[in-house]
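Have the model open beside you as you read. We will begin with one side-chain contact and work outward from there.

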Amino acid sequence: MTLASATVRSGRHGPPDKRRTERSARPGGAPGTWFLVLPALIPILVLSVGPLLYGILLAFTDSQSGRTRATQWVGTLNFQDLLHDGLFWESFRIGLVWAVGVTVPQFLLALGLALLLNENLRMRWLARALAIIPWAMPEVVVGIMWRLVYNPDAGILNETIRDLGLGDGRDWLTGLATALPAVILVGVWAGMPQTTVALLAGLQNTPQELHEAAALDGAGAWRRFRTVTWPAIRPVALSITALNFIWNFNSFALVYVLTNGGPGVRTRLPMLFAYEEAFRYGQFGYAAAMGCVMVAVISVILAVYLAGRLGGGEDR
């Protein structure tokens, strides 16, 4: 009787260890979980969410530097002024040209380099190490180095042009027609390694058996890439492209060191414009409104981009 009763109780309610496992697997079932998350959650709240909320609040005030009276709530006045600020929208257009002009070549060149580094080449380890050197360099150092390359008198670029008999060279960073393309080239060079590393990681996670099976079926290199390689690395490509667009649009240090937004406003990105309004002219509220507009517009663009790419269940 005792054994039968124990069997019935066990069949009705399940083993005690299993019930404890099920309770611990429920969401929020372990109160101690929050203590494990807090060390990562607190820096995010303090360093990211907090400043973001404060910046949004600041955008609805007339906050300025050096003011002796209290900051006043002005509602949407800063945003109304932005709608009629042609210089800001021109910088926004330049920012979009810069972001797209850097992100697209960055991805295409990085994809080609990742495919090359994924092959079984001699000294592949050395090539991989050399490929990530630009990524390890601070943006300020990269900017100074490329300013020396573009130097109109003693820069290596103009010296090469003169040695090849192609002309006397030009001042690349101060020319109205060449400043933005020259800066975009530097942005592509500086950001390509991180994209290469991400794509290379995706390529190495692709099962080699799929390539061998496609080759046995008579598929050429292009067909194997289209049917095997690209579907495998597509989620990585989607993620790194979106991140690159955000990083490039919010660039500051590289362009600031290279051109300081010049000549004129040819390379004045939105971040540079907001920086000048805040720290050169002391218009903190107006600069915060610029930041809010940039976040909102870029969020919409990325939402449309991701919806188009992920639509139809293609995010596998």
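The side chains of Thr195 and Asn244 make a polar contact at 2.8 Å. A polar contact here is a pair of N or O atoms within 3.5 Å; within protein, one must be able to donate a hydrogen and the other to accept it, and residues adjacent in sequence count only if both atoms are side-chain atoms. This is a predicted model, in which local features need pLDDT of at least 70 and side-chain atom pairs count only at pLDDT 80 or more, while totals for chains, interfaces and linings use all residues. Residues are numbered from 1 along each chain as its sequence is written, and side-chain values use heavy atoms, with hydrogens and water left out.

**Around Thr195**

Thr195 sits in helix H10 (residues 179-204); helices (H or I, at least four residues) and strands (E, at least two) are DSSP runs, numbered from the N terminus. With a relative accessible area of 0%, Thr195 is buried. Buried means under 20% relative accessible area, exposed over 50%, and partly exposed in between (1.4 Å probe, protein chains only). Leaving out residues up to four places away in sequence, Thr195 touches Gln106, Phe107, Ala110, Ile240 and Asn244, where contact means heavy atoms within 4.5 Å. Thr195 and Leu113 are 82 residues apart in sequence, yet their C-alpha atoms are 9.8 Å apart in space.

**Helix H5 and its partner H12**

Helix H5 (residues 86-117) has 32 residues and spans 46 Å from first to last C-alpha, close to the 46 Å expected at 1.5 Å a residue; the expected span is 1.5 Å times one less than the number of residues. At the start of H5, a side-chain oxygen of Asp85 comes within 3.2 Å of the backbone nitrogen of Leu87.

How do H5 and helix H12 (residues 221-249) cross, and at what angle? Their axes come within 10 Å and cross at roughly 145°, with axes being lines fitted to C-alpha atoms, for helices over the stretch in contact, and angles running from 0 to 180 degrees between N-to-C directions. The residues making this contact include Gln106 and Phe107 of H5 and Asn244 of H12. By class, the contact has 15 nonpolar, seven polar and no charged residues. Ala, Val, Leu, Ile, Met, Phe, Trp, Tyr, Cys and Pro count as nonpolar, Asp, Glu, Lys and Arg as charged, and the others, Gly among them, as polar.

**Loops worth a look**

Thr178 lies in the loop between helix H9 (156-163) and H10, and a polar atom of its side chain is 2.8 Å from the backbone oxygen of Trp172. At 9% relative accessibility, Thr178 counts as buried.

Two residues other than glycine have a positive phi, as the table shows.

| Residue | Phi | Loop | Relative accessible area |
|---|---|---|---|
| Met123 | near 60° | between H5 and helix H6 (124-131) | 46%, partly exposed |
| Asn260 | near 55° | between H13 and H14 | 35%, partly exposed |

A cis peptide bond joins Gly262 and Pro263, with omega about -5°. Pro263 is placed in the loop between helix H13 (253-258) and helix H14 (270-280).

**The chain overall**

The protein chain has 15 helices and zero strands. Buried residues make up 34% of its 316 residues. Among contacts between residues at least 6 apart in sequence, 66% join residues at least 24 apart.
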